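Biologist: Could you take me through the structure you have open? I would like to begin with the cysteines and then move on to the backbone.

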Amino acid sequence: RARGFDFDLEALQISGEIQEIEAANVAGSCRFGRHIHNEVTIDETFWNRSSTLLKEFVVFHELGHCVLLRDHDESTDNQGRCLSIMRSGLSNCRDSYSIQNRDYYLDELFFQY
């Protein structure tokens, strides 16, 4: 709402769970499609070991897929920092999501929508 959007999460029928994800180095996933309700899964080991800020980052990333239908974005600045919360984790960019720049990343998430 702070960015001008009002999503009806019940109507979107998004489910979420925390459970082990078998794939290596995967913190979260979003499954969606015509015959699948949107399902967000967060890896339990990741969840148990992560800070609140890092948990938020991954949840917003997965909701970016499931709600905003965003693809991965590997954009970087000239210092190699990731410019999007939607980065895949497979590129060489450095995450810089922090309390100081949280607003930048959330603005980017929604305003690319």
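Modeller: Happily, and please keep in mind that this is a predicted model. Cys 30 is a good place to begin, since at 17% relative accessibility it is under the 20% cut-off and therefore counts as buried.

Biologist: And how many disulfides are there?

Modeller: The count comes to two disulfides, and with bonded cysteines counted along the chain they follow the pattern 1-2, 3-4.

Biologist: Which cysteine is joined to Cys 30?

Modeller: Cys 30 is joined to Cys 66, with an S to S distance of 1.7 Å. The pair links distant parts of the chain, given that Cys 30 lies in strand β2 (residues 28-33) while Cys 66 lies in helix α3 (residues 52-66), 36 residues apart.

Biologist: Is Cys 66 buried or exposed?

Modeller: Cys 66 has a relative accessibility of 2%, so it counts as buried.

Biologist: What about the handedness of that link?

Modeller: The link of Cys 30 and Cys 66 is right-handed, with 110° about the S-S bond.

Biologist: OK, and the other disulfide, which residues does it join?

Modeller: That one joins Cys 82 to Cys 93, with an S to S distance of 2.0 Å. Both cysteines sit in the loop between α3 and α4 (102-111), eleven residues apart, and the pair is again one that links distant parts of the chain. Cys 82 and Cys 93 are both buried.

Biologist: Why is the disulfide of Cys 82 and Cys 93 called right-handed?

Modeller: Because the torsion about its S-S bond is about 90°, the disulfide of Cys 82 and Cys 93 is right-handed.

Biologist: Back to α3 for a moment, how many residues does it have, and which are buried?

Modeller: Helix α3 has 15 residues and reaches 21 Å from its first C-alpha to its last, which is close to the 21 Å expected at 1.5 Å a residue. Its buried residues include Phe 57, Val 58, His 61 and His 65, as well as Cys 66.

Biologist: Changing topic, which residue in the loop between α1 and β1 should I look at?

Modeller: I would point to Gln 13, which is found in the loop between α1 (9-12) and β1 (15-19). Its phi is near 50°, a positive value in a residue other than glycine, and Gln 13 is partly exposed, with a relative accessible area of 44%.

Biologist: And what is the phi of Asn 25?

Modeller: Asn 25 has a positive phi of about 60°, although it is not a glycine. Asn 25 is found in the loop between β1 and β2, and at 83% relative accessibility it counts as exposed.

Terms used: Residues numbered from 1 in each chain as written. Predicted model: local features only at pLDDT ≥ 70, side-chain atom pairs only at ≥ 80, totals over all residues. Heavy atoms only, no water. Disulfide = S-S within 2.5 Å. Helix = DSSP H or I, 4+ residues; strand = E, 2+ residues; numbered from the N terminus. Buried < 20%, exposed > 50% of the residue type's maximum accessible area, 1.4 Å probe, protein only. Expected span 1.5 Å × (residues − 1).
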